[in-house]
Every structure is written in C-alpha cells, then in structure tokens.
Amino acid sequence: MDDKIMQLKKWIDESDNVVFFGGAGVSTESGIPDFRSVDGLYNQKWKYPPETILSHSFFVKYPEEYYRFHREKLVIDGVKPNAAHLKLAELEQAGKLRAVVTQNIDGLHQAAGSKKVLELHGSILRSYCSACGRPYPADKMNRGEGVPRCACGGVIRPDIVLYEEPLDDAVVSEAIRVISGAEVLIIGGTSLNVYPAAGLINYYRGNKLALVNLSETPYDDEADLVIHEKIGKVFSQL
Ligand code: OAD
C-alpha cells in the first residue's frame, strides 16, 4: 500500500471523530460527470452556460429550458454508490465517522447507507412547489416533459440550491459544527472552487487534514496529506 494511503488509514483507525467533506468527484466513479473536469458538465456545449441554466433567475424566466437540461444532465438512471460512498457508510456504522458534508445532489451517500449526510446544495431526489411549498415526489419533476406544476398552478422546483440562492442556514451551521470539532477531516472529489461551500475548510482546527482529489486544488498547501488519485481506489484500501 502507498505510504500516504497507509498514513490516512492510520489516522482513521485511531480516531472516532472523522468528518468527510466532498463534491462531484466522489460520484464520477459511479458514472456521474463532475462539473469542472475536461469531460465535466461545464465543458459541454449548451445554448446557455450550465452555470446560467442552474441559476435562480434562469429557472424563473425559462423553466422549460431549465427542465430540459435538468432531465438530460442532472437525472442519471441506474447509478449506484461506489467504493468511496460505501466505505464512508461503513465508517459511520463503525462509530468512526461523524458526518458526511457534501456538495452533491445525487443522494448516493444515503443510497450507500450513510445516515448523517449534510447536503449543502440540496437533493435532486426532493422537490416542492415554488408557490405554495407543497412537497412532491421527485419523479414528477425528474421524468416526463415540460414544466411540472402543482395543483395550485405553481411551478414545481427541485430542492437544490441554484446559483443566486443562499445555502440553508441550519445545514451550514451543522456543517461548521462538525468540521470545527473534527479530529480528522478528509476532503475529497472537490475542486474547492465554489463558495461558500469551499470556505468551510477554514473552520477545521486540527492537524489531520487529508485531501484526496485527482487534480490540484487551491488548498493543497494547507493540507497535512495530499493524495492525487481516484477516491474510490483510495477508499477501497482504507
Ligand atoms: P468540480 O467539478 O468543480 O470538481 C470535482 C473535482 O473532483 C475535480 O477537482 C476533479 O479533479 C476531482 N475528481 C473527479 N473525479 C475524481 C475521482 N474519481 N476521485 C478523486 N477526485 C476526482 O465539482 P465540485 O467541487 O463538487 O454547485 O463543484 C462544486 C459545486 O459546483 C457543485 O456542487 C455545483 C457546481 O456548480 C451547484 O450546482 C450549486
């Protein structure tokens, strides 16, 4: 086993207060493209840039266009948790991992069995009426054609945080609490480019910060251990 992976394994073996903070790179090995890699969502050609389509003002103005993108690019059938999701669920079950903080909206941590998952950007598996707030099963939004509507006439929207929208205060507060109290913080599969989520790293106060990411991040110099490899491959050895 690689020395760095062995070091990470040792930190985990010796701790009962590990927290994981991740992003889209955690799910690429499940077949969901990330955003900023060369084959990621933001490097594909659309009539509007995906960052624009995934914004609040665009959703309100062009809900048909939003839903075309949503169903074609955000909803991916048949995806399953990979070794990283499964290991994190196992570590929680073993009383070692306190929480998963994720920027992902795919629900794969829960599908793997993780219980404490703080979804900073919401979930594509939940939806509600933007007018009256009534919740709807996600299938009504994720399947079919056109703009899904509530019985009240309002547009049904995904329970995800669109650009221009604030994060949920309660989720952020809890993420800050677990990260600032963590002994070992593992950050994985995120470019650490999107704020305020990326700023959460600044709340960590320990000296066992591990970064597991294929490419470099702006925080590599601040980590105590940096592993530039596929996260599923690394986690299957922990
Ligand atoms: P990015 O696409 O910005 O970054 C994903 C990172 O994961 C990249 O640095 C890749 O090198 C790395 N990566 C890809 N596959 C990997 C693998 N198998 N193992 C390890 N690393 C891998 O995605 P995020 O950082 O999650 O927000 O992006 C943050 C936010 O930007 C998303 O939540 C989304 C997006 O706009 C909203 O939609 C609000």
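**A tour of two pockets and a sheet**

The second largest pocket has a volume of about 410 Å³. Keep in mind that this is a predicted model.

To find this pocket, select Ile 32, Leu 74, Ile 76, Asp 106 and Ile 124. Of its 23 lining residues, these are the closest to its centre. Now colour H4, S4 and helix H7 (138–142). Each of these elements gives two or more residues to the lining. H7 gives the most, with 3 residues. Next, colour the lining of the second largest pocket by class: 14 residues are nonpolar, 4 are polar and 5 are charged.

Stay with H4, and select residues 63–74. Helix H4 lies across S4 and S6, and runs at about 45° to S6.

Now show the sheet. In what order do its 3 strands come? The order is S5-S4-S6, the pairing is antiparallel, and the sheet is open. Select 135–137 for S5 and 156–160 for S6; these are the edge strands, each pairing on one side only. Look at the twist: neighbouring strands are turned by 45° against each other on average, direction ignored.

Zoom in on S4, residues 122–129. How many bridges join S4 to S6? There are 5, and the two strands run antiparallel. For one bridge, pick Gly 122 and its partner in S6, Ile 160.

Last stop: the largest pocket, with a volume of about 830 Å³. Select Ala 24, Phe 35, Arg 36, Gln 103 and Ser 191, which lie nearest its centre among 39 lining residues. By class, the lining of the largest pocket divides into 18 nonpolar, 13 polar and 8 charged residues.

How values were computed:
Residues numbered from 1 in each chain as written. Predicted model: local features only at pLDDT ≥ 70, side-chain atom pairs only at ≥ 80, totals over all residues. Heavy atoms only, no water. Pairing = 2+ DSSP bridges. Helix = DSSP H or I, 4+ residues; strand = E, 2+ residues; numbered from the N terminus. Axes fitted to C-alpha atoms, helices over the stretch in contact; angles between N-to-C directions. Contact = heavy atoms within 4.5 Å. 1 Å grid on protein atoms, 1.4 Å probe; cavity = no way out; pocket = protein on both sides within 12 Å on 5 of 7 lines; lining within 4 Å. Points joined across faces, edges and corners; volume = space filled by probe spheres on them. Nonpolar A, V, L, I, M, F, W, Y, C, P; charged D, E, K, R; others polar.
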